[in-house]
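Ready for a few exercises with a structure in hand? Take your time with each task before reading the solution below it.

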Amino acid sequence: MTKQKFTPEEALAFHLEPTPGKFEITATVPMTTQRDLSLAYSPGVAVPCEAIAEDPGLAYDYTNKGNLVAVISNGTAVLGLGNLGALASKPVMEGKAVLFKRFADVNSIDIELDTEDPDEIIKAVKLMGPTFGGINLEDIKAPECFIIEQKLKEEMDIPVFHDDQHGTAVICAAGLINALHISGKKIEDVKVVLNGAGAAGIACIELLKRMGARHENCIVCDTKGVIYQGRTEGMNQWKSAHAVKTDLRTLDDAMKGADVFLGVSAKGAVTPEMVESMGDNPVIFAMANPDPEITPEEAQAVRADAIVATGRSDYPNQVNNVLGFPYLFRGALDIHARAINDEMKIACAEALAKLAREDVPDEVAMAYGKALTFGRDYIIPTPFDPRLIHTIPPAVAKAGMDTGAARRPIIDMDAYEVSLKSRMDPTANVMRGIHARARKAQARMIFAEGDDPRVLRAAVQYQRSGLGKALVVGREPDVKAKLEAAGMADAVRELEVVNAANTRHLETYKDFLYSRLQRKGYDRHDIHRLAARDRHVFSALMLAHGHGDGLITGATRKSAHVLELINHVFDADAHHGAVGVTALLNKGKIVLISDTLVHEWPDEEDLATIAERSADVARHLGLEPRVAFVSFSTFGYPVSERAEKMHLAPAVLEKRGVDFEFEGEMTVDVALNMKAAEAYPFQRLSAPANILVVPARHSASISVKLMQEMAGATVVGPILSGVDKSIQICSTGSTASDVLNMAILAACKVGD
């Protein structure tokens, strides 16, 4: 897998734009009228206040407590960076908060406490207890983290979970269940060696012992060697609990004949010789970040039978905490749990292990650009598997109910699973899938407007993200100057700059263009001017001759003008069935609107073609197409000559025998709201439409821009479909991120 790169400037820009930080608070109730304000605050708010005072459990009904987690740190162990202090830990804690939301729809607030005194932290967190449904402790150094968590667990009646300890332990346990399954070994029989006796290491070994590993079979090592009974140097009560009676003194000694190695220590701590001395089918979890104790290549070079996991995303079997903490809290919150106990953690690990053994759905494999099958290189589910949200929390919730941790048990587990599926934002998985497919494609992407800083930043990001080769059309001095002005001088050497002056293919391009345009009033002089001086035409000629795999243009010129220029090289017009499809992403929903680019006033045949092209785009995005032909009328009322073609278009699709759902004509509310659609029981859509075919380009443009400006929808497109090669046209208002998204679509050949 290609390793991704980014510059410090890109990382800072990501946190700065469009607004500082990574999340904001939005109201879930209307706040527009005086009555709204009266209900939200005084005097209406007094009613739930009095109800909660009488019955504290009602806080889960009348406030956001039941879906709110605090991410709390004092910054004493930030990632692998050490003690940066409370304030410098805030970007990490904000990041944790958005992961909670992204993966399990858990609302989260980050809180940074400016003290290293465990008693102060315990007091502060305990005092905040009424606000939250759970506490996630993060990046607090050992041994203080043990003291803080234990005391808070004893004194608070909501879950307290130190993710650096237990999150790693849960995912490690899940992977180990499957690794031992493959190697034919039982946890109670294996010899386990742990290197790293900090928070995560101690939690890992404790959880494995709860799952059946024998104390005498578990050797724990730290920087001073084996933790044995009688050792006094560098010891504390948590290490002492795992001291064993043994003559082994070094990690090298301990590894001889070991079945399992768990590493939460440092790069290079394990040598190939140590791996070679392990037992048959050794299991090696080298989880040090950013670099593992030993790389999978190094381990498997000496032991082909080794099963290896790391903390890295660019190797198979990533031990990633995001597989655990969002779903543990989701299940715990949904039963109003008093705690997250060991049984709930083990249930999470077992559910993760079971999920990895199941057949992987096509959409997951498509998202990762490769087939995923249970085996040595796939023992842990991938973090973006959409099944996680509805398989892990029910297992956690059931364990919590069985052990008495639940205040409010779930009665109907089937209904609970259905509700979990509806919590997830499908747009995130769609965009993730597109990124993964683009990375696999490794397309040579032509960026036509190399004189524009936005396009150059997108080209650099495209290449540094490991998506493929960026070919920039422009003059090298101009490109260099603009990159330097954008603070990206180091990228000058990375990009390939192409133009008519340095290509050996210009005469071939001109001959091709002349053959297309000679009967359209263009002479040889016109052809030279177009091919050699117009970047849009030159870029299209590059693509037509296979000197690139996709083309991005339009950021500096109006789309209609760019489309006209591209038509000199390709048949990208209404007559040849080209269509522009715009994707709107808003509040967890995706709706495609078309045609937003090509057809000015389509007739019913055109509309049917637009629907077919849009369905192709939907399927490329991983959606099952459901088309609605929308108008101001619904199924013939009110009668209007202007709506007639929308009424006729479905009949055209019927004759063509298409393989997707369609209906119309109908108003937008009937198309998108199944409650409104109930008034028309004969209508054929099984769920809300995800493709709206509109009467004309002007109505398409109005719809898209209204959603963008008034509703804050994310706009992707228009996606050009129905052209022989992969071409995408940006809008002139595009940001660098917008240009990059269009390049990713082009790389995936969406609409091609």
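The exercises below work through a predicted model, from the whole chain down to single residues.

**Exercise 1. Overall build**

Task: Work out whether the radius of gyration of the protein chain agrees or disagrees with that of a compact globule.

Solution: Start with the length, which is 752 residues. A compact globule of that length would have a radius of gyration near 27 Å, and the protein chain has 30 Å, so the two agree. Next, look at the extent: along its principal axes the C-alpha trace spans about 95 × 70 × 50 Å. Then add the secondary structure, with 31 helices and 21 strands in the chain. Of the 752 residues, 53% count as buried. Finally, turn to the contacts with a separation of 6 or more: 71% of them come from residues 24 or more positions apart.

**Exercise 2. An open sheet**

Task: Find the order of the five strands in the open sheet, and say which strands stand at its edges.

Solution: Begin with one pair. Strand 11 (residues 445-447) and strand 12 (residues 470-473) are joined in the parallel sense by three bridges. Within this region, isoleucine 446 stands opposite leucine 471 of strand 12. Extending to the whole sheet gives the order 13-12-11-14-21, with parallel pairing. Strand 13 (496-498) and strand 21 (727-729) each have a single partner strand, so they stand at the edges, and one side of each has no neighbour in the sheet. From one strand to the next, the twist averages 25°. To finish, place a helix against the sheet: helix 25 (residues 559-566) packs there, touching strand 14 (550-553) and strand 21. The direction of helix 25 makes about 155° with that of strand 21.

**Exercise 3. Nonpolar cores**

Task: Identify which helix gives the most residues to the largest nonpolar core.

Solution: The largest core has 98 residues. Among those with the most contacts inside this core are Ile72, Phe285 and Leu352. Helix 8 gives the most to the core, namely nine residues. A second, separate core has 62 residues, including Ile590 and Val716. Back at leucine 352, the contacts beyond four places in sequence include Val170, Ile171, Ala174 and Leu323.

**Exercise 4. An acidic residue in helix 8**

Task: Decide whether aspartate 163 is buried or exposed, then find the side chain that joins it in a polar contact.

Solution: Aspartate 163 is in helix 8 (residues 163-183). Its relative accessibility is 1%, and the cut-off for buried is under 20%, so aspartate 163 counts as buried. The polar contact is with the side chain of lysine 96, at 2.8 Å. Beyond four places in sequence, aspartate 163 also touches residues including Asn136, Glu138 and Asn321.

**Exercise 5. Backbone details**

Task: Locate two cis peptide bonds and compare the burial of two residues with positive phi.

Solution: One cis bond runs from serine 42 to proline 43, with omega near 5°. Proline 43 sits in the loop between helix 2 (34-40) and helix 3 (46-54). Another cis bond links asparagine 289 to proline 290, with omega near 5°; proline 290 belongs to the loop between strand 9 (283-286) and helix 13 (296-302).

Now for phi. Aspartate 139 has a value near 55° and lies in the loop between strand 3 (134-137) and helix 7 (144-155). Lysine 749 has a value near 60° and comes in the segment after helix 31 (736-747). With a relative accessible area of 4%, aspartate 139 is buried, whereas lysine 749, at 37%, is partly exposed.

Terms used. Residues numbered from 1 in each chain as written. Predicted model: local features only at pLDDT ≥ 70, side-chain atom pairs only at ≥ 80, totals over all residues. Heavy atoms only, no water. Pairing = 2+ DSSP bridges. Helix = DSSP H or I, 4+ residues; strand = E, 2+ residues; numbered from the N terminus. Axes fitted to C-alpha atoms, helices over the stretch in contact; angles between N-to-C directions. Contact = heavy atoms within 4.5 Å. Buried < 20%, exposed > 50% of the residue type's maximum accessible area, 1.4 Å probe, protein only. Polar contact = N/O pair within 3.5 Å; in protein donor to acceptor, adjacent residues only side chain to side chain. Core = buried A, V, L, I, M, F, W, Y, C linked by side-chain atoms within 4.5 Å. Rg over C-alpha atoms; globule rule 2.2 N^0.38 Å.
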